[in-house]
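Trainee: Could you take me through the ligand site in this one, slowly, and then show me what other empty space there is? I'd like one connected picture rather than a list.

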Amino acid sequence: MNGAESLVRTSLAAGVDLCLANPGTTEMQLVAALDATPGMRAVLGLFEGVCTGAADGYARMTGRPAAVLTHLGPGFANGIANLHNARRAASPVVNWIGDHATWHRGADAPLTTDIASLASPVSVWLREARDAKSLAGDGAAAVAAALAPPGGVATLIVPQDCAWEEAPGPAAPLPVAERPAVEDARIADAAAALAEGARAALFLGGAALREAPLRAAERIAAATGCALLHETFFARIERGAGRSAVERLPYFPEQGAERLAKLTRLVRVGAREPVAFFGYPELPSRLCAAATRVSALADVDEDVAAALEALAERVGAPARVDVPTPERIGPASGALSVGALGQTLAALQPEGAIVVDEGATSGLAYFAHAAGAPPHDCLSLTGGAIGIGLPAAVGAALACPDRKVIALQADGSGMYTLQALWTMARESLDVTVVVAANRAYRILQAELGRAGVFEPGPKAASLTDLSHPDLDWVSLANGMGVPGVRADSAESFADALRRALATPGPALIEAWLD
Ligand SMILES: Cc1ncc(C[n+]2csc(CCOP(=O)(O)OP(=O)(O)O)c2C)c(N)n1
C-alpha cells in the first residue's frame, strides 16, 4: 500500500472514522485511500471553515477526533478561525494538510506556502511527514496528541510524495495519556476555601460541565453554602430539568466583575481564571477583585470529575441533592422579540436535543429559559471567532445521529459559514436551524455605544447593519437543499418549529425579529 493508505488505516484503527474534507490535487492519494479504507466516512464541506467547525462539534459530542483534510496553506487557512474555537474548546481534532511533493517545494509553484507557520498557533502538536515509511507512525502520533488531556488540535503536514510512495503498512495506535489525578493538598485547600460559605464560589468549566460532575458540585454547594458559577463560553454543558442549573458568569466585564466582587475565594474547576473578553479603558483584565484569592481544585487537563467527587466527600456532602427545576413556560405569543424566540424554543425543544448556541445577542434569553427545558446539551462559541454555529451543528449531527440538533444562529455569524447548510442537506442531517434575523451586527452596535459613539456616522452605521439588501435566509437555505420558512410572529415561529422538530432531516426557520 502507499503512504496515504497506511495513514488512513492507522487512523481508523486509532478510532478516527470520519474525515471532513475539502481536498485538492495534493490530496488525491489521500482521497483514494478513504475509498480503500472501509469504515472511514468521508464528508465534503464546501468551505474549509465548515470542515474545521464540524470537527469541533463532533469532538465536543464524542470526545474523539475527526480528521480534517485540507489543501496546502491557503485551503488550511480558510479553516483556521474555527480551529481557534476548537483549541479554546479543547476539542481533539486531527488535521491532515496536503503539501507539494518534498522535491517540488523548491520550485516555488503557485500554492507553495509556509504551512507550519499558519498551523502552529492553533496546534498542540505539529509534524511534517518526512517519507512514506514513517507516515503511518506520524498518523498514530497525531491521534494520540489530539487526545492528550484536555484535547487539542494535532496537525500533520503530508507532502504528496509521502502519500504516493510505497509504505510498509499501518502502524499500531499509541497509548493515550490519562487525565492526571489531583493531589490531596488541593482537595484540602479547596475544602478550606469553601469554609467561607457564600463568600466562596466554585468556578466550573470544561469537563466539569457534564451531568455527573455538576451533580457533585451541587452536593458540595449544599454542604458548604458556596456559590456555583460556570464560564461564560463553554464547549459543552449538560443542563435542563432535573440537572444542575449553575449560574453563568455574565459576559460584559462590569457585570462579571460585580458578580465576583464579594467573593473571598474563587476555586477553579476545569476552568481558567475569568478575564474580560476585551480590554476597555479604565477596566482591568482580571474580573476577580484584587482581594479575592483564586486557586485551582483541578486544572483543565486534570481529572476534574474525580476531584469534585473527592471534594464532596471531604466536605461531608449529602449523597444526593434534588435541584429545583425552573418552571418551563409555554411558547410565547405576539411579536417575535428575542425573548419570545428564546421562550418558544425552550418550550418546544425535545428531550436529548443538542443546541448549538451561536445566537449572539439573541441567545441570552434562550439560555435563561432553557434551564427548565428537558435534559439537553448546549454548545457555545468558545473562542469568539464567529462562524462556528452551523458547522458545529453539522459535526454534532454526524456524532449523534439519533438526537435532534438545533442551531440557534445569529444571522451575521451565520453568513461566515452558511455552506454548512449544503452539507446538512447532502448528509440528511437532523438539524433544525433557527436564524435569529435581526438584520444587524447588534453586539457591535452596542459596542459602539460602549466606545462612546452614541450617534454613529454613516460609515459606522453601515458597517454594523445587515440590511440593504436584507438577507433572504429562506432562499439561501432552499438554494442549498434545505427547506426554509420565514416566521414573523411568536405563533408562526412556534408552528414552524413544531413542524421542523417533528420532521427528520434539516430545516431552516428564519425568525424575523421585531
Ligand atoms: C471571525 C470573526 N470576525 C469578526 C468578528 C467581530 N464580530 C463580533 S460579533 C460580530 C457581529 C455579530 O452579529 P450577529 O452574528 O448578527 O449577532 P448579533 O450581534 O446581531 O446578535 C462581529 C462581526 C468576530 N468575532 N469573529
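**The ligand site and its surroundings**

Mentor: Let's start with the wall of the site: helix 18 supplies five residues to the lining of the second largest pocket, the largest share from any element. Keep in mind that this is a predicted model. Strand 13 and helix 16 also give at least two residues each to that lining, alongside helix 18. The pocket itself has a volume of about 870 Å³, and 35 residues line it, with Tyr251, Ala360, Thr361, Ile386 and Ile443 closest to its centre. Sorted by class, that lining splits into 17 nonpolar, twelve polar and six charged residues.

Why dwell on this pocket? It's the one where the ligand sits. Around the ligand there is a shell of 17 residues, and the ones that come nearest are Thr361, Ser413, Ala440, Arg442 and Ile443. Thr361 and Ile443 should ring a bell, since both are also among the residues closest to the centre of the pocket. Two helices each put at least two residues into the shell: helix 16, which runs over 411-414, and helix 18, which runs over 442-450. The shell's make-up is nine nonpolar, six polar and two charged residues.

Now for the polar contacts, which I'd guess you want for your setup. Asp411 has a polar side-chain atom 2.9 Å from an oxygen atom of the ligand. Ile386 comes in through its backbone, where a polar atom is 3.2 Å from a ligand nitrogen. With Tyr416 the side chain does the work: an N or O atom there is 3.5 Å from a nitrogen atom of the ligand. As for how covered the ligand is, on its own it has 580 Å² of accessible area, and the protein covers 77% of that.

So much for the ligand; on to the other spaces. Rolling a probe the size of a water molecule over the atoms shows where empty space is left. The largest pocket holds about 1,400 Å³ of space. Its lining runs to 49 residues, and Arg88, Ala89, Ala90, Gly206 and Glu231 are the ones nearest its centre. Helix 3 (48-62), helix 5 (80-89) and helix 7 (132-147) are the elements that give two or more residues to that lining. By class you get 28 nonpolar, twelve polar and nine charged residues there.

Then there are the closed spaces. The count is three cavities of 30 Å³ or more, and the largest cavity has a volume of about 40 Å³. Its lining consists of Arg60, Val356, Asp357, Glu358, Leu379, Ser380, Leu381, Ile388, Gly389 and Ala392. Two or more of these residues come from each of strand 13 (354-358), strand 14 (376-380) and helix 15 (389-399). Strand 13 gives the most, with three residues, and you'll remember that strand 13 also supplies at least two residues to the lining of the ligand's pocket. For the cavity, the lining sorts into five nonpolar, two polar and three charged residues.

Last, a few backbone spots to look at before you set anything up. Most residues other than glycine have a negative phi, and most peptide bonds are trans. The peptide bond from Pro149 to Pro150 is cis, with omega near 5°, and Pro150 is in the loop between helix 7 and strand 6 (153-159). Helix 7 is also one of the elements lining the largest pocket. Another cis peptide bond joins His468 to Pro469, with omega about 0°; Pro469 belongs to the loop between helix 19 (458-462) and helix 20 (473-479). Finally, Glu282 is not a glycine, yet its phi is positive, at about 75°. You'll find Glu282 in the loop between strand 11 (265-269) and strand 12 (293-298).

Note on methods
Residues are numbered from 1 along each chain as its sequence is written. This is a predicted model: local features need pLDDT of at least 70, side-chain atom pairs count only at pLDDT 80 or more; totals for chains, interfaces and linings use all residues. Side-chain values use heavy atoms; hydrogens and water are left out. A residue is near a molecule or strand if one of its heavy atoms lies within 4 Å of it. A polar contact is a pair of N or O atoms within 3.5 Å; within protein, one must be able to donate a hydrogen and the other to accept it, and residues adjacent in sequence count only if both atoms are side-chain atoms. Accessible areas come from the Shrake-Rupley method with a 1.4 Å probe; for residues, only the protein chains shown count as cover. On a 1 Å grid over the protein atoms alone, a cavity is a set of points where a 1.4 Å probe fits but cannot get out, and a pocket is an open set with protein on both sides within 12 Å along at least five of seven lines; lining residues have an atom within 4 Å of a point. A molecule sits in a cavity or pocket if more than half of its atoms lie within 2 Å of its grid points. Helices (H or I, at least four residues) and strands (E, at least two) are DSSP runs, numbered from the N terminus. Ala, Val, Leu, Ile, Met, Phe, Trp, Tyr, Cys and Pro count as nonpolar, Asp, Glu, Lys and Arg as charged, and the others, Gly among them, as polar. Grid points are joined across faces, edges and corners, and a volume is the space filled by probe spheres set on the points.
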